[in-house]
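The exercises below ask you to read a protein structure step by step. Try each task yourself before you turn to its solution.

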Amino acid sequence: MNSGANKDTVIADFQQWCSENDVWLDDRLEIIYSPDADIHIRTKNQSISASTTVSYIPKRSILSTKSCSLAETLPQDAEYTHGLGAQLMLALALYKEQLLGSKSRWHGYLQSLPDFVDLPMLWQDGCKDAKEAVTWLVGTEVEKEMSVGSLLARARRFYEAMSRQFLPQDASVGGFTKAFTLVSSRAFIVDAYHGLSMVPIADAFNHSQDNHVHIETDFDVCPLCGALYECPHDDGPKLETHVGQNHYDSCYEMVVNSPIPRHSEVFNTYGETLGNAALLARYGFVLDVNENDCITWSMEELTDDADLAATFQLAAYEWESEKSLRPRCESSNLVYYSESFTVDGDGKVSHRLWLLCFLTYQRNAPSSPSPMSVLEAQIACEAGMDVDASLIPAVSAIASAVSTLCCTRKAKIKKLSDLGPDADIGEILDGLSDDRPRTRLAVSYVLTEISILECCLAEWSDLVLPHPS
Ligand SMILES: [Zn+2]
């Protein structure tokens, strides 16, 4: 919320703006502001059942690079249509509207947004607490998500390149960066025309994995003009013009997917598969329990051997075409099916990471069992059943490789290496006072990664055979 503004006035102005722009919110919901939770949405004294549409948001009311006051002049290069490029361009559009003040047609909406969101990308140049927090994130998944330093540097380079042409004299790189944090934490991809957009009302709902509402849009509109039905840009045979086209075809909708009790906060989801690393990097918060948390590796982090990487691609393709792979992974307590190199929150290893460990073993092994026969042997070992003795060295070698990966990964978390093996991170967290919120957030996140890696180490330790002397 903009500093100094009276909160009641801000919400009243936002409601007024919504009504002038035909943005409709169900009467059973209300927009609330509280100092600790910022703007959010709650039910009044009635519950709302599933499948109800609780908000219609006209497409013309959203703020995108196609609708903003700079729309005619902004560069349309492909690099700005997705990913970081799209975020930077939308931040430019948003910041321009903010600088227009009451002259912007989104003024009433913009007033309802916070000044900025306290994302880790801003921490490097921040106060002592912020700088300390950054040191904890070095070597973690959060750093990978956003490369703490380079994201801010890229935002600044973009600003230097664009500001003179598109922004007034009173613009500043600090203001642009704040606008960027709003885009990072609040924008949605709505359709093929508007792309990444600031969506009034939709962005006032907070995030939960057990969300009540979600946004529904027709993504496949014409990317050139936004038309949902027939338009001059259609290729090939024309689609039939839709006769029943009505007001609602020109709206995005917020739809209830799980019943909402009365007198409770209503949650949207920003992405059902996001772990705490992504939530912290992009949205500035973590969940107490997040079942999507995992540790990831890239192929480059795992091996610099091009032959092994090529062998892996072929072996993965062949193995994944076996119908029994998924069900066999499901019967393992230590392996799960995932086409990435990951360890999940239960310490399970993705089948691809497992396969790479297997292939590394196989290169030096005299016999060549198939990956499936070794996985079967491992599942039998897990269950304490008898196993073909010739396969045990392979199972043990894979378990040993997994353990090494976890230890190496723990050592990569720079703060852990600095503090030494005896450091009690939980104790460090307990010793941090409430005036160190960012460090507390970062340390608690690091604890999550440690617990995943230690869980994996413990789960796999039984399969590692003592090295023959
Ligand atoms: Zn078109």
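Two residues are in contact if their C-beta atoms, placed from the backbone, lie within 7 Å. The model is predicted, so that local features need pLDDT of at least 70 and side-chain atom pairs count only at pLDDT 80 or more, while totals for chains, interfaces and linings use all residues. Residues are numbered from 1 along each chain as its sequence is written.

**Exercise 1. The chain as a whole**

Describe the protein chain by its elements, its box, its buried share and its contacts.

Solution. Begin with the elements: the protein chain has 17 helices and 14 strands, where helices (H or I, at least four residues) and strands (E, at least two) are DSSP runs, numbered from the N terminus. Next, take the box along the principal axes, which the C-alpha atoms fill at roughly 80 × 60 × 50 Å. Then turn to burial: a residue is buried if 20 or more other C-beta atoms lie within 10 Å of its own, exposed if 12 or fewer, and partly exposed in between, with C-beta atoms placed from the backbone. By this rule, 35% of the 469 residues are buried. Finally, among contacts with a separation of 6 or more, 71% join residues 24 or more positions apart.

**Exercise 2. An open sheet**

Work out the strand order of the open sheet of 4 strands, and find which strands stand at its edges.

Solution. Two strands pair if DSSP finds at least two bridges between them. Strand β1 (residues 24–25) is joined to β4 by 2 bridges and runs antiparallel to it, with Leu25 opposite Ser55. Strand β4 (residues 53–58) in turn pairs with strand β9 (residues 251–256) in the antiparallel sense over 5 bridges. Within this pairing, Ser55 has Met254 as its bridge partner, Ile57 has Tyr252, and Pro58 has Cys251. Strand β8 (residues 213–216) pairs with β9 in the antiparallel sense over 4 bridges, and Glu216 has Glu253 as its bridge partner. Putting these steps together gives the order β1-β4-β9-β8. Because β1 and β8 each have a single partner strand, they stand at the edges, and one side of each is left without a neighbour in the sheet.

**Exercise 3. A helix and its surroundings**

Explain why helix α8 (residues 276–283) is described as largely enclosed by the rest of the structure.

Solution. Count first: 7 of the 8 residues of α8 are buried, and therefore the helix is largely enclosed. The buried residues are Asn276, Ala277, Ala278, Leu279, Leu280, Ala281 and Arg282. Among the elements that cover them are α5 (141–146), α7 (173–186) and α17 (437–461). Just after α8, Gly284 takes a positive phi of about 85 degrees.

**Exercise 4. Two helices in contact**

Describe how helix α2 (residues 83–100) and α7 pack, and what kinds of residue make their contact.

Solution. The helices pack at an angle of about 120 degrees, with their axes 8 Å apart; axes are lines fitted to C-alpha atoms, for helices over the stretch in contact, and angles run from 0 to 180 degrees between N-to-C directions. Angles under 35 degrees count as roughly parallel, over 145 as roughly antiparallel, 65 to 115 as roughly perpendicular and the rest as oblique, and α2 and α7 are therefore oblique to each other. The contact includes Leu88 and Leu94 of α2 and Phe176 and Val183 of α7. Its residues divide into 10 nonpolar, 4 polar and no charged, where Ala, Val, Leu, Ile, Met, Phe, Trp, Tyr, Cys and Pro count as nonpolar, Asp, Glu, Lys and Arg as charged, and the others, Gly among them, as polar.
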